[in-house]
Amino acid sequence: MEQRNQQQPSAAFVGASWLALIVGLASFIIGLSNVEMALNEKGYYFTVLMFGLFAAVSVQKSVRDQLENIPVTNIYYGLSWFSTLLSIVLLTVGLWNASITKSEKGFYAISYTLSLFAVIAVQKNTRDARQRQNDSTPSE
């Protein structure tokens with residue numbers, strides 16, 4: 001098995017990734033708490049956000065596992081991608097049919113996209129840090 005030399009992410013990138021995730025999540029959730037819509041609609045958007053975050057992490061994990069020659073079943077890999085795309089479609093359909101202004105729809109779309117990107121970067125950085133920690137720990 002070929003071992004690739006992986007560069008450790010910089011502290012600035014790690015910090016920027018966490019900041020992007022916090023800003024994206026906080027923006028989306030604060031926006032939900034301030035918007036005039038029924039509680040069940042707010043619950044729908046919150047659930048789509050959580051579903052999307054989990055699905056995006058699953059995609060990152062399965063893609064990275066494959067790159068590192070860790071076995072990933074085709075079912076899990078496919079479900080990860082399907083779930084990520086489904087979460088985006090669910091948000092799009094929900095916003096398309098929502099009775100809120102176009103600027104609010106754009107706000108939710110952007111904060112959602114920022115959150116998905118950021119959670120992938122945070123997961124990558126966490127995995128890189130764990131890998132480096134495991135590589136530097138002497139084996140007995």
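The accessible surface of the protein chain in this predicted model comes to about 9,200 Å², and 66% of that area belongs to carbon and sulfur atoms. Turning from the surface to the interior, 34% of the chain's 140 residues count as buried. The charges are worth a glance too: there are 10 positive and 9 negative ones, and their mean positions lie 3 Å apart.

Now let us follow the fold itself. The protein chain has 4 helices and 0 strands, so to speak an α-α-α-α run when read from the N terminus. Its C-alpha trace spans about 60 × 35 × 25 Å along the principal axes. If you take the contacts between residues at least 6 apart in sequence, 74% of them join residues at least 24 apart.

Helix 2 is a good place to check geometry. Its 29 residues should span 42 Å at 1.5 Å a residue, and because its end C-alpha atoms are 42 Å apart, the model agrees with that expectation. Just after helix 2 comes Asn69, which takes a positive phi of about 60°.

Helix 3 covers residues 74–97, and a similar check can be made there. With 24 residues, helix 3 reaches 34 Å from its first C-alpha to its last, close to the 34 Å expected at 1.5 Å a residue. Several of its residues are hidden from the probe: Ser80, Ser83, Thr84, Ser87, Leu91, Gly94 and Leu95 are buried. What lies over them? The cover of these buried residues includes helix 1 (11–34), helix 2 (39–67) and helix 4 (102–136).

That brings us to the interior. In soluble globular proteins, nonpolar side chains tend to be buried together. Here the largest nonpolar core has 21 residues, and those with the most contacts inside it are Phe28, Tyr45, Leu91, Leu95, Ile100, Tyr108 and Tyr112. Helix 1, helix 2, helix 3 and helix 4 each supply at least two residues of this core, while helix 4 gives the largest share, 6 residues.

Leu91 ties several of these threads together. This residue is buried in helix 3 and is among those with the most contacts inside the core. Which residues does Leu91 touch, leaving aside those up to four places away in sequence? Its partners are Phe28, Tyr44, Tyr45, Val48, Tyr108, Ala109 and Tyr112. Of these partners, Phe28, Tyr45, Tyr108 and Tyr112 also appear in the list of residues with the most contacts inside the core.

Key. Residues numbered from 1 in each chain as written. Predicted model: local features only at pLDDT ≥ 70, side-chain atom pairs only at ≥ 80, totals over all residues. Heavy atoms only, no water. Buried < 20%, exposed > 50% of the residue type's maximum accessible area, 1.4 Å probe, protein only. Contact = heavy atoms within 4.5 Å. Areas by Shrake-Rupley, 256 points an atom, 1.4 Å probe, with all protein chains shown as cover. Lys, Arg positive; Asp, Glu negative; His and termini not counted. Charge placed at Lys NZ, Arg CZ, Asp CG, Glu CD. Expected span 1.5 Å × (residues − 1). Core = buried A, V, L, I, M, F, W, Y, C linked by side-chain atoms within 4.5 Å.
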